[in-house]
Amino acid sequence: MRNVFAAAWLIARKDLAIEFRTRSAFTASLIFALLGIVIFYFAWDSTAVASVDLAPGVLWVIFTFAGLLGLHRSFGVEQEERAIDALLAAPIERESIFIGKALANLVFVAGVQVVAIPAVGMFYNLPLGRVAPALFTVAFLAAVGLVVIGTLFSAMASNTRLAEILLPMLALPFFVPIVIPAAQATAKLLSGRPIGEALPWLKLLAAFDIVFIVACTLAFPFTIED
Amino acid sequence: MPDNSGYYHAAYIIAVAIYVLYALSIRRRAAKLRPSRPA
Amino acid sequence: MKVSRLSIVAILAGLAALVRVVFFTPFEAIQGPAQKIFYVHVSAAWCAFLAFGLVGLLSALYLWMRDEKLDRLAESAAEVGTVFTTIVLITGPLWAKPVWGTYWTWDARLTLTLFLWFIFVAYIILRGAVDDRALRSRYSAVLGILGALLVPFIHLSVYMFRTLHPKPIVAKPERPSLPNEMLVTLAVCVVAALIILGALLRARYNYANLRDAEIDSGGAHA
């Protein structure tokens, strides 16, 4: 069991090192998120809708799509020169590959969130300070769900003829039960409601995370075995 | 009683059409498979 | 081409149900003729849910037993299920508009049906995008199982979304207890739809078997 996680950590570090040296996907996702924030502002009639009401939607639509942008790269990068074959030949459990990839993706998505949430707070003039810890908890729980689903489907989609077109079609239906609770909890927090009101949504997110971490980890070996 | 028979007729025509067209599409695909032999 | 006995029974059952709905079922006094959409809608919905359950079950069985027949049956159930779900999604709004006053409301059941359709379609597109047969079977089985796991989460999150939110203004009357005559019509329609489901499923499954057999024998279709 310890070996599984040690190997997973190695894979995560490999992915993060590649990402850190090229910074291509992370920069792209980040700029995409910032552009999204700007576009949403101008798609919105500020005399009719208060920014506090709009912000949860903006945040979660942006994270969903910025996440997809980065997730595709997760296994897409292994397709080049069939690097995936070397990974599969390595004397490690298949589960380690999945957990490692998911960990790297989690760092990736969390990195986007760390920049995008304060950016939304600034551009939309939101009272973030007091609710920041609770908000980042919501963001983290949601990111875990997005990442496990996205990592599994990225592995599958990268092996198909449609590749990057297929990933959103597979993943987005699964993102809905993440985005609904995350956006709802964000709305409760931003409008100054007590944290207790967001709690049912947090529980739902946690339940989703647990079920799909287990299910996707178990399912992953089926998506790559030869 | 409200007169909304337009919705009623439209729903049944569309539903029956979809059932029939789908059944025919299976037949057509099966027929294309082995033109020489009866399926 | 020969028409199988099951197909003939299905055609007759469908016609009988149609005749029963059109000529031998009274109009509902308050909702008017549009209420009759209920019969085709509900019967198709039951079949759609049944097909979705089948895909999930067959997917799990496939990963366990690795029998190609299970995969072909799952493939067939997904395609037939998509057809039923499409009918549900078209007839539903046509009934809701005159009765509820709106084509669509985001209630748990409607939303769930819409997502069943999305997952079915993604499943079919995924199958079309993988050439290797064993890989395709495993991928679609994984999607089938995850889709089945997703259903309770969609239902719960939409349900909570609705109950923790102000209700829309659209009036949604409690479902009236159906008089006997209408209940019989509904039963006839459900039975007919189930027979049609069986016939379509078998025809589609036979086609999948023939197709794979032809590929195995080195036929022209790749």
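Trainee: Before we look at this predicted model, what counts as two residues being in contact?

Mentor: Picture the C-beta atom of each residue, placed from the backbone. Two residues are in contact if those atoms lie within 7 Å.

Trainee: Okay, how many residues does the contact between chain C and chain B take from each chain?

Mentor: Both sides have to be counted, one chain at a time. The contact takes 25 residues from chain B, and from chain C it takes 29 residues.

Trainee: Which helix of chain C gives the largest share of the side that touches chain B?

Mentor: Helices H2 (37–65), H3 (68–100) and H6 (180–216) of chain C each supply at least two residues of that side. By class, the side has 18 nonpolar, five polar and six charged residues. The largest share is nine residues, and the helix that gives it is H3(C).

Trainee: And which helix of chain C gives the largest share where chain C touches chain A?

Mentor: Here the contact takes 25 residues from chain C and 23 residues from chain A. On the chain C side, the elements giving two or more residues are helix H4 (108–128) and helix H5 (133–163). The largest share is 16 residues, and it comes from H5(C).

Trainee: How many residues on the side of chain C that touches chain A are nonpolar?

Mentor: Take the other classes out of the way: one residue is polar and one is charged. The nonpolar count is 23.

Trainee: Let's move to chain A. What is its secondary structure?

Mentor: Chain A has zero strands. Read along the sequence, the pattern is α-α-α-α-α-α-α-α. That comes to eight helices.

Trainee: Is chain A as compact as a globular protein of that length, or less so, and what is its radius of gyration?

Mentor: The globule rule gives 17 Å for 226 residues. Chain A comes close to that, so it is as compact as a globular protein of that length. Its radius of gyration is 18 Å.

Trainee: How do H7 and H8 of chain A run relative to each other, roughly parallel or roughly antiparallel?

Mentor: The axes of H7(A) (residues 166–190) and H8(A) (residues 195–224) come within 9 Å and cross at roughly 155°. Angles over 145 degrees count as roughly antiparallel. So H7(A) relative to H8(A) is roughly antiparallel.

Trainee: Which residues of H8(A) make that contact?

Mentor: On the H7(A) side, the residues include A:Pro177, A:Ile178 and A:Leu189. Across from them, H8(A) brings A:Glu197, A:Ala198, A:Trp201, A:Leu202, A:Leu204, A:Leu205 and A:Phe208.

Technical notes
Residues numbered from 1 in each chain as written. Chains lettered and ligands numbered in written order. Predicted model: local features only at pLDDT ≥ 70, side-chain atom pairs only at ≥ 80, totals over all residues. Helix = DSSP H or I, 4+ residues; strand = E, 2+ residues; numbered from the N terminus. Nonpolar A, V, L, I, M, F, W, Y, C, P; charged D, E, K, R; others polar. Axes fitted to C-alpha atoms, helices over the stretch in contact; angles between N-to-C directions. Parallel < 35°, antiparallel > 145°, perpendicular 65-115°, else oblique. Rg over C-alpha atoms; globule rule 2.2 N^0.38 Å.
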